[in-house]
Amino acid sequence: MTRTAPRLADAMKILVVEDEVKAAEFVRKALTSGVCHRGDEALAQALENSYDAIVLDIMLPGRDGLSVLRVLRERGNQTPVLLLSARSHLNERVEGLNAGADDYLPKPFALEELTARVKALCRRGCESR
Ligand code: CA
């Protein structure tokens, strides 16, 4: 039996924002998502397109993930956001949740956990619409 990474339904539109290209590619394949490597570009894409969820790294070139998240929420964008961070500091987690994140996953993470969390976010997002 071959073991394949869990996939989300193709109908879901996810944006993955991660500057580590290998990690981004790994996640993009599992989520069949769009990918972006810079915070400023991520913000522009998130404001221009509608996504079912955004997987957002905190440490990014251009603009950090927390700042991207704050601007989205200020503009009334309620797309579910899952924050990723290599630093599992409590402060950062709290700051992220206060800035309007829906979930948080410290790196390194298991792909199964990421996909399960993104699915849960999409479900919650659909129910609240
Ligand atoms: Ca990063």
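## A residue in a loop

Where is the place of Arg75? In this predicted model, Arg75 belongs to the loop that links α3 with β4. Arg75 counts as exposed because its relative accessibility is 58%, and the cut-off for that label is over 50%. Along the chain, Arg75 and Leu47 are 28 residues apart, while 8.6 Å separates their C-alpha atoms.

## Overall layout

With that loop as a starting point, let's step back to the whole chain. The protein holds five helices and five strands. Following the sequence, you will meet them in the pattern β-α-β-α-β-α-β-α-β-α. The protein has 129 residues, and 45% of them are buried.

## Strand β1 and its neighbours

Strand β1 covers residues 14–17. Ile14 and Val16 point one way from this strand, Leu15 and Val17 point the other way, and all are buried. It has pairing partners to look at in both β2 and β3.

Take β2 to begin with, which spans residues 34–36. β1 and β2 run parallel and are joined by three bridges. Within β2, Cys36 is the bridge partner of Val17. To get from β1 to β2, the chain passes through helix α1 (residues 21–31), and this β-α-β crossover is right-handed.

On to β3, which spans residues 53–57. Here the pairing with β1 is again in the parallel sense, over four bridges. Leu15 stands opposite Ile54 of β3, and Ile14 stands opposite Ala53 of β3.

## Strand β3, covered on both faces

How many of the five residues in β3 are buried? Five of the five are, so that the strand is mostly covered. Ala53, Val55 and Asp57 point one way from β3, whereas Ile54 and Leu56 point the other way. Asp57 is called buried because its relative accessible area is 1%, and the cut-off is under 20%.

β3 also pairs with β4 in the parallel sense, over four bridges. In that pairing, Ile54 has Val81 of β4 as its bridge partner. The route from β3 to β4 leads through α3, and this β-α-β crossover is right-handed.

## The nonpolar core

Several of these residues return in the largest nonpolar core, which has 21 residues. The members that touch the most other members are Val17, Ile54, Leu56, Leu69 and Leu83. Two or more residues each come from β1, α2 (39–48), β3, α3 (65–74) and β4 (81–85). Which element gives the largest share of this core? That is α3, with five residues.

## The calcium ion

Asp57, the buried residue at the end of the β3 range, also takes part in a metal site. The calcium ion is coordinated by the OD atoms of Asp19 and Asp57 and by the O atom of Met59, at 2.1 to 2.3 Å. Along the chain, these donors follow the spacing D-x37-D-x1-M.

## Rings and charges

A closing look at the aromatic rings is worthwhile. Across the whole structure, a search finds zero aromatic pairs. The ring of Tyr51 does have a charge over it, though: the charged end of Lys13 sits there, 4.9 Å from the ring centre.

Key:
Residues numbered from 1 in each chain as written. Predicted model: local features only at pLDDT ≥ 70, side-chain atom pairs only at ≥ 80, totals over all residues. Heavy atoms only, no water. Phe/Tyr/Trp six-rings, centres within 6.5 Å; stacked < 30°, edge-to-face > 60°. Lys NZ or Arg CZ within 6 Å of the ring centre and 35° of its normal. Donors = N, O, S within 2.8 Å, 3.2 Å for Na, K, Ca; no water. Buried < 20%, exposed > 50% of the residue type's maximum accessible area, 1.4 Å probe, protein only. Pairing = 2+ DSSP bridges. Right-handed = clockwise from strand over helix to strand, strands pointing away. Core = buried A, V, L, I, M, F, W, Y, C linked by side-chain atoms within 4.5 Å.
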